[in-house]
Each structure stands twice: as C-alpha cells, then as structure tokens.
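Dear colleague,

I am passing on the structure we talked about, together with my notes on what turned up in it. Please read the notes with the coordinates open beside you.

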Amino acid sequence: MGSKPRKVAIVGVGHVGASCAYALINQSICDEIMLVGRTQERAYAQALDLSHCMDFTYTRTKIYTGSFDDCSDADIVVLCAGGYPKSGSNRLDLLDSAFELYRELIPRIMASGFDGLFIVAANPVDIVTSIVWKLSGLPRERVIGTGTSIDTSRLKTLIAQCLPVDPRSVCGYVLGEHGESQFPAWSHVTVGGKPILDILAQHPQRFSLLKLDDIEAKTRNAGWEIYQHKGSTHYGIANAIAHIVRSILNDDYNITAVSAILDGEYGERDVCTGVPAILTRGGIAELVELNLTPQEQARFAHSCGVLRAASAHLAL
C-alpha cells in the first residue's frame, strides 16, 4: 500500500512506440504507461486503443497521454521518436534530423525534473544515445540504447533454425554499431554451452549448410529485408525494449547487448556502441568485456571509428 507506481513514459507513438506499449501491457511489466506524441490526437488514439486490451491481460496497466512536463515522476523514458531511412540510405543518414529533434526534446524532459533512466530506440541508436547522454547530464549508466540487442536476437534465431535448437539455448552477442559495421563475436557464441566453432569443426558434414559468413550477413541485413517488404520494423525491437525495461524495473541483473557509453572498456573511450551489459534498477551496473580475438578486436575498433566519423560534425 502506498508504494510508487512503476511508470514508463514513451516519447514517439508511431509503429515502434505503440508496439513497445503493447509489449509492456501484455507482459505486465509496469503499472503506468504515458504516451507523448508529436500530436495529442494520435497519442490519445493510441492510448485509447491500447486501453481496450485490459480485459484480456493478467494485470491492469494504466495507459494515458501526457506531456514532457509529466515525465518528472517517470522511472524510465523510452525514446522512440524519429524517422525511417529512405531506400538506398542507411541508419546513419538519419543522424542530422535526429540530432535536431533530440536537441529540442531532451532539455524539455529534463526541465520537468526527470531523474530516471533513458532508453533510446531511435536511429542511429548508438549516436542518439550518446547525444541524449550529453544533453541530459545524467551518468552514463542511466542512458541506454537498444543497440545490438535486436541484432543479437536475430543472430540467435538464425543459428537456431540451422541446428535446430531453441534460440534461448544459443548464447552470444553481436557487437559494435547497430548498423553496417556490426559483427558477431563468434569466439563467444555457444549452443548449450558448447562453442559453435567446436560444433562446426566436429560435425562438418552434418552442419555443412551452416555458413557463418551467411548468418552474419543475414543478421546485419534482417532489418532491411523487413523494411523493404513492409516499410518498418517494430515487433522485434518493441520486445527488445520491453526486455530492457523489465530487466531494469525488476533489478534482474540480466546481461543484454545494449548501446553503452564506453570509458576505457575494450580500449575505447567517448563512444557509444553495442556491448553486453548487466542491467539493474540503477541502469548499467557493469559492462561485460569479452576476451575478443585480435580480428574481433580490430572489427570492434573499426566500428567505433565509423560511429566517431559519422558524429564528428555534431556541435555538442
């Protein structure tokens, strides 16, 4: 009795924001969801539609619209506002418009007295996470991007289809940019605790169709494949956001690949990119530094270089 409701504010009520709210409701992750949209009318319609789920869920989640001023008591603000890349472009091409958008939004959220955690889902997510961190003034552990969480899930799904096993029996991570320079750390991918490189070496004929280069390419291009067929990706990333929110609110100490600000980890500083992190009620408790092979370390450094070059012109 009298305990504070667990409140999540979602900024941006398009496909990703609305799907995120839907996932939070169906998984009974928080007590309240507040939607903040570009137009009050659309935010209201999304909240009204989502409120009609309650008769069919295990618990009641209060969902309503609000403003930036109402973010003051939110535990988490999820940032989904942004655009989709046009055909022939990539996520980094969204940077300048995202910078202008969040340069306006973050000071307004912070002016409300908000003192919780940001979860960033807007692309290019690694750089936008860094922008939000610098504009908010919050500690780095409290500004988290979805990063390569969805790419890691895609990797596990593809491996599981080839073996076949349950994707949750596959352990491993995609590192670096949520974009073209990402890569799986194959030296740390295991299936049922057994390194995948050992499995392939011991059973070359049985798993002859499992080509690591093909799986890597399909993982990297999965989002584009979906985008080309239906114009957006939102169910997968919505569940990735819900997973991160649940891990934080429940103080789960779950290890997930997210966009995190590096301060010496993996030999990198002042860059935000996808790495495994321990998620707790306070945000990122610790970044997990994998012992990468020299080739993987070089690929990681290259990916960080891509992100630095893309954001070098920003005036922060």
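**Notes on the model**

Pro-164 is found in the loop between helix 5 and strand 7, and the peptide bond that leads into Pro-164 from Leu-163 is cis, with omega near -10°. Please bear in mind throughout that this is a predicted model, and that the cis assignment, like everything below, is computed from that model. A second cis peptide bond runs from Asn-123 to Pro-124, here with omega near -5°, and Pro-124 lies in the loop between strand 5 and helix 4 (125–136). Most peptide bonds are trans, which is the reason for setting these two out at the start.

Helix 5, which comes before the loop that holds Pro-164, covers residues 149–162, and its 14 residues reach 21 Å from the first C-alpha to the last, close to the 20 Å expected at 1.5 Å a residue. The buried residues of helix 5 are Ser-149, Ile-150, Asp-151, Thr-152, Arg-154, Leu-155, Leu-158, Ile-159 and Ala-160, a list that takes in the charged residues Asp-151 and Arg-154 as well as several aliphatic ones.

On the other side of helix 5, in the loop that joins strand 6 (143–145) to the helix, is Thr-148. Thr-148 has a relative accessible area of 0% and is therefore buried, the limit being under 20%. The side chain of Thr-148 reaches the backbone oxygen of Val-174 at 2.7 Å. Once its neighbours within four places in sequence are left aside, Thr-148 is in contact with Val-174, Leu-175, Gly-176, Glu-177 and His-178, and also with Ala-257, Gly-274 and Val-275.

Gly-274 appears again in the pairing of strand 12 (254–263) with strand 13 (269–280), where it is the bridge partner of Ser-259. These two strands pair in the antiparallel sense over 10 bridges and form a hairpin with 5 residues between them, among them Gly-264, which has a positive phi of about 110°. Of the 10 residues of strand 12, 7 are buried, so the strand is largely enclosed by the rest of the structure.

Two residues other than glycine also have a positive phi, and both deserve a look. Tyr-266, in the loop between strand 12 and strand 13, has phi near 60° and counts as buried at 5% relative accessibility. Asp-251, in the loop between helix 8 (235–249) and strand 12, has phi near 55° and is partly exposed, with a relative accessible area of 36%. Most residues other than glycine have a negative phi.

Which residues cover the two faces of strand 4 (residues 76–79)? Ile-76 and Val-78 lie on one side and Val-77 and Leu-79 on the other, and all four of these residues are buried. Strand 4 has parallel pairings with strand 1 (residues 7–11), over 4 bridges, and with strand 5 (residues 117–120), again over 4 bridges. In the pairing with strand 1, Leu-79 is the bridge partner of Val-11, while in the pairing with strand 5, Ile-76 stands opposite Leu-117.

A separate open sheet consists of 3 strands in the order 7-10-11, with antiparallel pairing. Strand 7 (170–171) and strand 11 (194–195) stand at its edges, and each has a single partner strand, so one side of each is left without a neighbour in the sheet. Strand 10 (residues 190–191) and strand 11 pair over 2 bridges, and Val-191 has Lys-194 of strand 11 as its bridge partner.

Finally, some remarks on the aromatic residues. The structure holds 3 aromatic pairs, one of which, between Trp-224 and Tyr-227, is edge-to-face, at 6.1 Å centre to centre and with 90° between the planes. Both residues of this pair belong to helix 7 (residues 212–230), where they are 3 residues apart, about one turn of the helix. Trp-224 is buried, with a relative accessible area of 14%. Elsewhere, the charged end of Lys-62 sits over the ring of Tyr-64, at 5.4 Å from its centre.

With best wishes

Notes:
Residues numbered from 1 in each chain as written. Predicted model: local features only at pLDDT ≥ 70, side-chain atom pairs only at ≥ 80, totals over all residues. Heavy atoms only, no water. Phe/Tyr/Trp six-rings, centres within 6.5 Å; stacked < 30°, edge-to-face > 60°. Buried < 20%, exposed > 50% of the residue type's maximum accessible area, 1.4 Å probe, protein only. Lys NZ or Arg CZ within 6 Å of the ring centre and 35° of its normal. Expected span 1.5 Å × (residues − 1). Polar contact = N/O pair within 3.5 Å; in protein donor to acceptor, adjacent residues only side chain to side chain. Contact = heavy atoms within 4.5 Å. Pairing = 2+ DSSP bridges.
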